[in-house]
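Subject: Handing over a structure

Dear colleague,

I am passing on the structure we spoke about, with its sequence, so that you can follow my notes alongside it. Please keep in mind as you read that the model is a predicted one.

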Amino acid sequence: MRFLHTSDWHLGRSFHRVSLLSAQRAFLDHLVETVRERDIDAVLVAGDVYDRAVPPLAAVELFDDALHRLAALGVPTVMISGNHDSARRLGVGAGLMEQAGIHLRTDPAGCGTPVLLSDAHGPVALYGLPYLEPAMVRDALGARRADHAEVLGAAMDRVRADLAGRPAGTRSVVLAHAFVTGGAVSDSERDITVGGVASVPVAVFDGVDYVALGHLHGCQTLTERVRYSGSPLAYSFSEAGHRKSSWIVELDADGAVQAERVDCPVPRPLARVRGPLEQLLEEPEQARHEESWVEATLTDTVRPHEPMARLARRFPHIVSLVFDPDEGPARSLASYAQRLRGRSDQEIAEDFVEHVRSGRAADEQERGELRSAIDEVRVDDMAAEVAR
């Protein structure tokens, strides 16, 4: 059986205030064409269909059009909700859509109930594990603790229990939206840290033939059977080096996996340029970036006059400007966002405590209290999105 594994569409997202709807439409055209041309048996979408819980109408229309086109091809689609989606909103109408071959899995209680497909070699059970916010699903899944490894482990116990009761030789696929240890992160993924821990071990997925992961935006292979497809478009300059693609995954009669990357269309390349303003304006080698989306980092020790306007004359698609002086007092002009880049909420909070106490760092009890407070805010935010 041949699957197309994709994830993290983030429909409705913009790139530094530039709309990506046309690029997302081009990706969905590419996806439908790939399904048609490569004889795909089922499409797997591993979460973050939308960029936010209440997506704009144009994004919903894109989603609706894509589902209609896949249904018209007669190709089943299995889709889970991610941490950016509103599970309840995405799941509206799931029962009706199932009749058209669109299988939405947004309820944690359904983790052990598969979508059943079959080919010449027999049945394939596809289990959808939507994003599992530990504090909100712990009781429903019977997990011992409210952390990612425990709730995913409890969900996988349900998967393995169901699979054990199926005919011998039943092949299995799991869709999950999580941060699995060993995956490479970028700046554009929303932090899902709980209790100071964000990731889960890859071993939590033992016992199934293939795991289609979503959440991390880089296409990557953790094991031959556990892979991230990554996002189809770049959503931050930290993804400038990514090759955006989906996986075509083939399960043979014994459940062995063969995987092939299929490149996604690139609406406009990303470029990070760095140096003094005059150098960036004059260097011939920078000409190759003139049609790219550009993030320029200026290293001038004194902030130049009207740098954005001057850069835009050479790089008409510049969308980000950063100041990072090479030396001297102007270094203090580095943006607050730049200083925080790559740091977790926990690290930022601990740094603040140390700063206001003139260098005395938070002790273990205080770090625990900060973790608890951050986790409570995250759960409150999730609950508010569900209630909207």
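In strand β9, the bridge partner of Val124 is Arg171, and this pair belongs to the contact between β8 (residues 122–129) and β9 (residues 171–177), two strands that are joined in the parallel sense over 6 bridges. As a general point, strands of a sheet pair through backbone hydrogen bonds, and the pairing can be either parallel or antiparallel. Both strands sit in an open sheet of 6 strands, whose order is β7-β8-β9-β12-β14-β13 and whose pairing is mixed. At its edges are β7 (115–119) and β13 (220–223), each of which pairs on one side only, and the twist averages 20° from one strand to the next. Helix α6 lies across β8 and β9, and runs at about 160° to β8.

Helix α6 (148–164) also serves as the packing partner for the buried residues of helix α5. Which residues of α5 (residues 134–141) are buried? They include Pro134, Val137 and Leu141, and they cover an arc of only 85° around the axis, which puts them on the same side of α5. It helps to recall that an α-helix has 3.6 residues a turn, so residues three or four places apart point the same way. Just after α5, Gly142 takes a positive phi of about 70°.

The search for enclosed space gave 2 cavities of 30 Å³ or more, and the second largest cavity has a volume of about 50 Å³. Among the residues that line this second largest cavity are Tyr131, Leu132, His148, Val151, Leu152 and His177, and α6 gives the most to the lining, with 3 residues.

There is also an open sheet of 6 strands in the order β6-β5-β4-β1-β15-β16, again with mixed pairing. Its edge strands are β6 (102–105) and β16 (257–263), each pairing on one side only, and the twist averages 20° from one strand to the next. Within this sheet, β1 (residues 2–6) and β4 (residues 42–46) run parallel and are joined by 4 bridges, with Phe3 standing opposite Ala42 in β4. Helix α1 (residues 21–37) packs on the sheet, where it touches β1, β4, β15 (245–251) and β16, and its direction makes about 170° with that of β1.

With best wishes

Key: Residues are numbered from 1 along each chain as its sequence is written. This is a predicted model: local features need pLDDT of at least 70, side-chain atom pairs count only at pLDDT 80 or more; totals for chains, interfaces and linings use all residues. Side-chain values use heavy atoms; hydrogens and water are left out. Buried means under 20% relative accessible area, exposed over 50%, partly exposed in between (1.4 Å probe, protein chains only). The arc is that of the directions from the helix axis to the C-beta atoms. Contact means heavy atoms within 4.5 Å. Two strands pair if DSSP finds at least two bridges between them. Axes are lines fitted to C-alpha atoms, for helices over the stretch in contact, and angles run from 0 to 180 degrees between N-to-C directions. On a 1 Å grid over the protein atoms alone, a cavity is a set of points where a 1.4 Å probe fits but cannot get out, and a pocket is an open set with protein on both sides within 12 Å along at least five of seven lines; lining residues have an atom within 4 Å of a point. Grid points are joined across faces, edges and corners, and a volume is the space filled by probe spheres set on the points.
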